[in-house]
There are 2 protein chains.
Amino acid sequence: MTGHPLLVTLNEVRQSLSIKDVARIANVSHSTVSRALRDSPLVNPETAARIKKIALESSYRASAVARSLATSKTHTLGVVVATVADPFIAEVISGIEAAARQRGYSVFLANSDGVADRETSVVESFEERRVEGILVLASRVGSSYRTLLEKTSIPIVLINNYKFGDCAYSVDIDNVPASREATRHLIGLGHRRIAYLGDRFGFNSDTERFSGYRQELAAADIAFRPEFVVHGDGTPPGGEAAVQQLMQLPGRPTAVFCYDDMTALGALRGIRAAGLRVPEDVSVVGFDDLLIASYVEPALTTIRQPKEHMGTLATEMILNLLSGEKGEANVKVAGELIVRKSACPPAVP
Amino acid sequence: MTGHPLLVTLNEVRQSLSIKDVARIANVSHSTVSRALRDSPLVNPETAARIKKIALESSYRASAVARSLATSKTHTLGVVVATVADPFIAEVISGIEAAARQRGYSVFLANSDGVADRETSVVESFEERRVEGILVLASRVGSSYRTLLEKTSIPIVLINNYKFGDCAYSVDIDNVPASREATRHLIGLGHRRIAYLGDRFGFNSDTERFSGYRQELAAADIAFRPEFVVHGDGTPPGGEAAVQQLMQLPGRPTAVFCYDDMTALGALRGIRAAGLRVPEDVSVVGFDDLLIASYVEPALTTIRQPKEHMGTLATEMILNLLSGEKGEANVKVAGELIVRKSACPPAVP
DNA sequence: CTGAAAGCGCTTACAG
DNA sequence: CTGAAAGCGCTTACAG
């Protein structure tokens, strides 16, 4: 069959067809076209087939915006992150997008650069776009936008996020046990002088990881030494600077447990800069298991976070919520110790 | 002022207000509300102020979907990538999103996992959502979806993408000169036995980078040796496997120029696995300058791609297009050699 | 099984 | 400066 004349004409116009155009070609009402295209049982199978064929050949694309207005469902989710250019965040997004797409949802992505104002305006724009749910990722933005988040009627789930008191929905890595496991690994190797290289003060995961570290020290009857606690800022340079303080200490630590892999990367450098070797002189353990962790020299022993899975989980949580199912509202996922080459028994126990 | 009674009631319903609700509270027609909120000069300043105040207090959010239907502009862009969880891609996205947001556009993000079918269906869904432009990133999907891309009436710009013949809009790294510069650097260091560790066959950037390598060899009167060309697949394991073949060669190369940093990461490992040192025994140069490149040991000498900038450029290209300005349709950006520690003069020249 | 009608929440000529 | 009306492209009771 060659193109229907009207159809060809319309094609040339290069302007997207509406349901009425299709109806005209098929010689039915646009209601019938709508039904046929949505596989309603209320339409004669032959008519439906004919309509579908026409729609296909004319490459008609139903307008999701018109449909959204009519049904008041956009099948759209909003994701706000500080930056996509963070390997941890990127993997979580990957899990979110896959889960969303699988269930017919599209995702808007916005960067806030960690600026509270921008985060606020992003959420507002998501509200205007009538997203059905919002995922906030690893934001360190504090309570300044707390009210905003509380005011919106769109369900929000926070992933590894800074929390201000209670929050309705969240998925988080279970920091304390993971952190204890990392510390225990070091203790098991024979270390007693173990330092903690944290993040900036006041963030939940830093607090929790630090707490796991202390608990495990206590469990092993190792005295806590305040001078063995230093703080970076979640970046390699931050870790590098902080580890230097540690290395200058008389009776310096033989192992350092780092808040995250980025910090650990900096620690690796800083230790080398101090003329020491990893792991022979000082062992290093990270947290996250970024791709880079296994390509660094020595390959980093670290705690793996199931990043994609966390994204998937959060998305399903919100999607289930939208379809009325209630489930766990604050889920924690387990980390996993990945033993590589950056930690070994201490030379001087 | 305490809340207006009607306003409070509406708030409690927790259902987003419409322009009519605001109109009712303000005692004007919804047309006037619309004008006031869009800063139309056609409305009395005092009335406008009153309306805005009410809108603010009731946290009214205009529906972007209704507006889109009315204006047939969605202020929306679609980005399709193989995967967000690729550091190169993530940085480009970051540039795209920032440029888009700055001009009032939101971006849909979708992963195709490099599967042609998925890429097709993503583009279809973008068409239904009436995105105004589509950015395709670093896709290796071949000509299978060529027709799709040609059929759609939405402007598409390809970034570092596989091309099938001509394409309307694109931004690409200028591979040949960048690749020549990398090769020249190695030659300048005194190397003569320089290998090329490429990507899988048939992709544009591999072809172009390879071509730059050959051109520079020729310019320096160094004979091209086919056995010095091997292929990875753009992943560290691929690079690791490929470099081993090189290292086993009698009269093995003293330097290897890698298609990209991921490949180079693998090469670093493979060279070490062969009992050789980098850079003393063999020099390595990468391409991309991922964050990881500077944290690997030895830090990688590589070609930097201005990733964010490329995203910004592509976005502005498409946005300008939409506002009727014509500009360069196929832009190339320059790479930059970043000298670090993975390349030095050869031990045996 | 099918069509005419109303409605989703906006924008914007048109008339006053 | 303001309002009533039409229209954007769908969906979906309602009537036949």
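This passage walks through how two protein chains and two DNA strands are arranged in a predicted model.

Because the model is predicted, local features need pLDDT of at least 70 and side-chain atom pairs count only at pLDDT 80 or more, while totals for chains, interfaces and linings use all residues. Residues are numbered from 1 along each chain as its sequence is written, chains are lettered from A and ligands numbered from 1 in the order in which they are written, and side-chain values use heavy atoms, with hydrogens and water left out.

A good place to begin is the relation between the two protein chains. When the copies are superposed by least squares on the C-alpha atoms of residues with pLDDT of at least 70 in both, chain A can be laid on chain B with an RMSD of 0.0 Å, by a turn of 180° and a shift of 0.0 Å along the axis. The two copies are therefore related as by a two-fold rotation axis. In chain A, A:Phe108 has the C-alpha nearest this axis, at 2.2 Å. Both copies use the same surface, as 100% of the contact residues of chain A recur in chain B; contact here means heavy atoms within 4.5 Å.

The DNA comes next, starting with strand C. A residue is near a strand if one of its heavy atoms lies within 4 Å of it. Of the 30 residues around DNA strand C, those that come nearest are A:Thr32, A:Arg35, B:Ile19, B:Ser34 and B:Arg35. Sugar and phosphate make up 63% of the atoms of this strand that come within 4 Å of the protein. Polar contacts are pairs of N or O atoms within 3.5 Å; within protein, one must be able to donate a hydrogen and the other to accept it, and residues adjacent in sequence count only if both atoms are side-chain atoms. A polar backbone atom of A:Ser29 is 3.0 Å from a phosphate oxygen of DNA strand C, and a backbone N or O atom of A:Ala70 lies 3.3 Å from a base oxygen of that strand.

Around DNA strand D there are also 30 residues, of which A:Ile19, A:Ser34, A:Arg35, B:Arg35 and B:Leu42 come nearest. Sugar or phosphate holds 62% of the strand D atoms within 4 Å of the protein, and the rest belong to bases. Two side chains meet bases of DNA strand D: a polar atom of A:His30 lies 3.1 Å from a base oxygen, and one of B:Ser31 lies 3.0 Å from a base nitrogen. The side chain of B:Thr32 has an N or O atom 2.7 Å from a phosphate oxygen of DNA strand D.

Inside the protein, nonpolar cores are sets of buried Ala, Val, Leu, Ile, Met, Phe, Trp, Tyr and Cys residues joined through side-chain atoms within 4.5 Å. Buried means under 20% relative accessible area, exposed over 50%, and partly exposed in between (1.4 Å probe, protein chains only). The largest core has 144 residues, among which A:Ile159 and B:Ile159 touch the most other members. A second, separate core of 26 residues includes A:Val123, A:Ile134, A:Val136 and B:Val123.

Finally, A:Gln215 is partly exposed, with a relative accessible area of 32%. Beyond its neighbours within four places in sequence, A:Gln215 is in contact with A:Val176 and A:Arg180. Its C-alpha is separated by 9.6 Å from that of A:Pro177, 38 residues apart along the chain.
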